[in-house]
Amino acid sequence: YKINMDELRLEEELGKGQFGTVQKVFHKPTNVTMAMKEIRLELDEGKLNQILMELDILHKSHSSYIVEFYGAFFIESCVYYCMEYMDAGSLDKLYGDGVPEDVLAKITTSIVKGLKFLKDELRIIHRDVKPTNVLVNMQGEIKLCDFGVSGQLVQSLAKTNVGCQSYMAPERISQDEVSTYTVQSDVWSLGLSLLELGTGKYPYPTPDKTTGILVQLNAIVQGDPPSLPDDKFSEICRNFVAQCLNKNPKERPTYGELLDHPFLQKYEEIEVDMKSWVVQAYNARQDSDKKS
Ligand code: ATP
Ligand code: MG
């Protein structure tokens with residue numbers, strides 16, 4: 001079954017990224033609300049068809065830690081990617097001044113299980129782990145989106161990919177290029193994302209009038225890795241993040257090892273009301289948006 005634009009009723013814009021916008025849409029034939037991501041690319045029809053073909057494997061793979069894929073199509077040189085709508089949005093808008101350790105543990109378990117699923121079932125590495133690519137719904141579910149399923153899409157986007165906050169591992173910055181990307185680089189990005197969720201702040205200098213992006217990249221490559229503060233987080237939690245943020249990629253744990261880590265094991269036994277956390281974080285965000 002193929003989705004096309006005529007079947008969709010466009011609703012509000014959900015956000016903007018480097019390559020285009022994400023819009024809430026309603027799929028009339030099935031009565032399903034979806035999120036449609038528009039990716040503007042200058043590609044020929046052959047390459048666009050290759051992308052659609054590569055995305056097709058997502059129809060056969062389902063995980064509760066991965067945002068559901070509904071279908072994709074292209075118009076002119078834009079790719080439209082339709083996925084599960086996550087009604088609480090992305091984690092960057094929910095973490096506020098930082099999430100408590102128990103919530104962080106539950107989020108971490110979901111992300112690691114999602115990444116492990118991608119690696120084991122689809123043989124892919126995510127390549128873009130960061131808070132904006134971890135989505136949340138009002139049921140308290142946490143799911144990954146924007147993973148590199150299509151090699152052609154990854155290649156086409158790679159040329160231009162420079163944001164103002166880099167989650168790239170040090171070895172990727174110094175060696176550059178797509179070819180050197182391994183699963184260990186995603187583990188670094190995971191660690192950096194967890195640190196940001198826990199502290200409420202991206203830990204490296206972000207470019208402004210006085211400092212360019214090179215100051216940030218230099219700090220990632222040359223500096224000591226950042227760590228969680230010891231007044232808010234337990235030793236096992238800080239150790240988990242520190243292991244992900246090892247500057248030597250070979251020393252970073254595998255997903256299996258991360259799932260066995262005492263931090264995740266401890267909270268496996270503990271019930272955390274994720275639904276209440278999401279509702280409260282979502283409302284706090286709405287209020288602060290209203291004020292500004
Ligand atoms: P970048 O372009 O640097 O990767 P980004 O991840 O923020 O940044 P997009 O992937 O284009 O950019 O997403 C834009 C915003 O749309 C996200 O920050 C998120 O808040 C929202 N969004 C994306 N997908 C969904 C979805 N499936 N459901 C609800 N909101 C979404
Ligand atoms: Mg994204």
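Which residues is cysteine 82 in contact with, leaving aside its neighbours within four places in sequence? In this predicted model, the list runs to Ile3, Met34, Met36, Tyr70, Gly71 and Ala72. Cys82 also turns up at the heart of the packing story: together with Met83, Cys82 has the most contacts inside the largest nonpolar core, a set of 69 residues. The largest share of that core comes from helix H2 (residues 101-122), which puts in nine residues.

Stepping back to the whole chain, the secondary structure adds up to ten helices and eight strands. The radius of gyration is 19 Å, close to the 19 Å that the globule rule gives for 292 residues, so the chain is as compact as a globular protein of that length. Along the principal axes, the C-alpha atoms fit in a box of roughly 55 × 45 × 40 Å. Of the 292 residues, 36% count as buried. As for how the chain folds back on itself, take the contacts between residues at least 6 apart in sequence: 65% of these join residues at least 24 apart.

Back to the strands. E4 (residues 69-75) and E5 (residues 78-84) pair in the antiparallel sense, with six bridges between them. Within this pair, phenylalanine 73 sits opposite tyrosine 80 of E5. The two strands make a hairpin with two residues in between, and glutamate 76 in the turn has a positive phi of about 50 degrees. As a general point, side chains in a regular strand alternate between the two faces of the sheet.

Lysine 37 deserves a look of its own, since the unreviewed UniProt entry puts a "binding site" feature there. This lysine belongs to strand E3 (residues 32-40). Is Lys37 buried or exposed? With 21 other C-beta atoms within 10 Å, lysine 37 is buried, because the cut-off for that label is 20 or more. Setting aside neighbours within four places in sequence, lysine 37 is in contact with Gly20, Val22, Tyr81 and Met83. Met83 is thus a shared name here, being in contact with lysine 37 and listed with Cys82 for the most contacts inside the largest nonpolar core.

Next comes the ligand. A total of 22 residues surround ligand 1, and the closest are Gly15, Gly17, Ala35, Ser90 and Thr132. Strands E1 (8-16), E3, E5 and E6 (89-90) each give two or more residues to this shell. E1 gives the most, with three residues.

Ser90, one of the closest residues to ligand 1, also has a place in strand pairing: serine 90 stands opposite leucine 135 in E7. E6 and E7 (residues 134-136) pair in the antiparallel sense over two bridges. These strands belong to an open sheet of three, ordered E6-E7-E8 and paired antiparallel. E6 and E8 (142-144) stand at the edges with a single partner strand each, so one side of each has no neighbour in the sheet.

Finally, there is lysine 201, found in the loop between helix H5 (183-199) and helix H6 (213-222). Lysine 201 has 14 C-beta neighbours inside 10 Å and therefore counts as partly exposed. Between its C-alpha atom and that of isoleucine 111, 90 residues away along the chain, the separation is 19 Å.

Notes:
Residues numbered from 1 in each chain as written. Chains lettered and ligands numbered in written order. Predicted model: local features only at pLDDT ≥ 70, side-chain atom pairs only at ≥ 80, totals over all residues. Core = buried A, V, L, I, M, F, W, Y, C linked by C-beta atoms within 7 Å. Buried ≥ 20, exposed ≤ 12 C-beta atoms within 10 Å, placed from the backbone. Helix = DSSP H or I, 4+ residues; strand = E, 2+ residues; numbered from the N terminus. Contact = placed C-beta atoms within 7 Å. UniProt positions renumbered as here; feature names shortened; annotations may be inferred. Rg over C-alpha atoms; globule rule 2.2 N^0.38 Å. Pairing = 2+ DSSP bridges. Near = placed C-beta within 6 Å.
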